[in-house]
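Colleague: Please take a close look at one strand of this model and at the sheet to which that strand belongs. I should also like each term given with its cut-offs.

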Amino acid sequence: MNRNDWIADAARLQAQDRAFALVTVLRAQAPTSAKAGDKALVTADGQIHGWIGGGCAQPAVVKTVRQALASGQPQSIRIAPTDETAERTLGDVLEFGMACHSGGTLELFIDPVLPAPQLVVFGDSPVARALTGLAPRIGLQTVLVAEGAQAGDFPDAARVIGSDSADALAQALPAGGLVVVATQGRRDLQALRAALALQPQALWFVASERKAGVLRESLVSAGEEPARVAAIVSPAGEPIGAQTPEEIALAVLATVVAARRGRPVRATTPVAEKPAPKFKLDLPPMAMGSCCGGGTAKAADAESVPEAAPPVVAVKSCCGS
């Protein structure tokens, strides 16, 4: 067995979008068949590609690999001979007892390698195109969904699906995940229905709150579950004053990253606007020359002007009059 076979195995598993952990032997105390520096790739279903020792160590390794793949965090473990297969934590090292007769001690480092998270983008709008261009640069794998879309039109997308049929997409894509609907007026309702059929972890809709409200009502009237419809985030993105498609895509991706890193995603609920307080200014009318010519400025609220107003005061304007 070539010590570097794991490199080809890693490339193959990554091409298949399969999660795995790179397990490296840090220290081996005889008697053990593994040596420091030995490596193996271990998948969640227990497949081991490479060499990290015999069968006595493998159950502990597979168990820890599954935990590391679930949490996304690396883990150091020690497997030492003992009469019991106990498990305990010593600082940042997880220690397993090994009751095998062969003896020996192994210390290993388990590093999870996860496929890039998938972002499903609906629409062939300028914002959708900007999203498929920017998302891979922050580690997201983009699937573009739009009726009649061609792969050549979205070179940065990992996959292009040319139909927004809800039934077809439910079969083609896994449930959960992150979804952005950026149809911008073209097949909005159809895309939202298809997006909801994916049962997304989070769903953003690039639209105004007013438009989103109308479409939410239509979705509920069509039989969609109200709670899921209410979870649609719209307007989408951080409020950064975005105007161009690229800026809007950046604002949306900021919230996608936040969701990916564990921040809660909440549907945008419009806050009732309170009328601005009406201040009464007890100011006399003043004759002043404006920058565009002369004029008399009256007080902001006529009710606040006293009946016996003081004399008019002449004030020079910025034009020098």
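Modeller: The account below begins with the strand, follows its sheet outward, and then turns to a second sheet.

This is a predicted model, in which local features need pLDDT of at least 70 and side-chain atom pairs count only at pLDDT 80 or more, whereas totals for chains, interfaces and linings use all residues. Residues are numbered from 1 along each chain as its sequence is written, and side-chain values use heavy atoms, with hydrogens and water left out.

The strand chosen is β2, residues 39-43 (strands are DSSP runs of E with at least two residues, and helices are runs of H or I with at least four, numbered from the N terminus). Of the 5 residues of β2, 4 are buried, so the strand is largely enclosed by the rest of the structure (buried means under 20% relative accessible area, exposed over 50%, and partly exposed in between, with a 1.4 Å probe and protein chains only).

Just ahead of the strand, aspartate 38 lies in the loop that links β1 (20-29) to β2. Aspartate 38 counts as buried because its relative accessibility is 8%. The side chain of aspartate 38 also makes a polar contact, reaching the backbone nitrogen of lysine 35 at 2.8 Å (a polar contact is a pair of N or O atoms within 3.5 Å; within protein, one must be able to donate a hydrogen and the other to accept it, and residues adjacent in sequence count only if both atoms are side-chain atoms).

β2 pairs with two strands (pairing requires at least two DSSP bridges between strands). With β1 the pairing is antiparallel and rests on 5 bridges; within it, valine 23 has alanine 40 of β2 as its bridge partner. With β3 (residues 48-50) the pairing is again antiparallel, over 3 bridges. Here leucine 41 stands opposite histidine 49 of β3, and valine 42 has isoleucine 48 as its bridge partner. The hairpin formed by β2 and β3 has 4 residues between the strands, and glycine 46 in this hairpin adopts a positive phi near 90°.

These strands belong to an open sheet of 7 strands with mixed pairing, ordered β3-β2-β1-β7-β4-β6-β5. Its edges are β3 and β5 (87-90), each of which pairs on one side only. From one strand to the next, the twist averages 25° (axes are lines fitted to C-alpha atoms, for helices over the stretch in contact, and angles run from 0 to 180 degrees between N-to-C directions).

Further along this order, both senses of pairing occur at β4. Strand β4 (residues 75-81) runs antiparallel to β7 (residues 105-113), to which 5 bridges join it, and arginine 78 stands opposite glutamate 107 of β7. By contrast, β4 and β6 (residues 93-98) are parallel over 6 bridges, where alanine 80 has glycine 97 as its bridge partner.

The second sheet is also open and contains 5 strands in the order β10-β9-β8-β11-β12, with parallel pairing. Its edge strands are β10 (159-161) and β12 (202-205), each pairing on one side only. Neighbouring strands in it are turned by 20° against each other on average, direction ignored. At one end of the order, β9 (residues 141-145) pairs with β10 in the parallel sense through 3 bridges, and arginine 159 of β10 is the bridge partner of valine 143.
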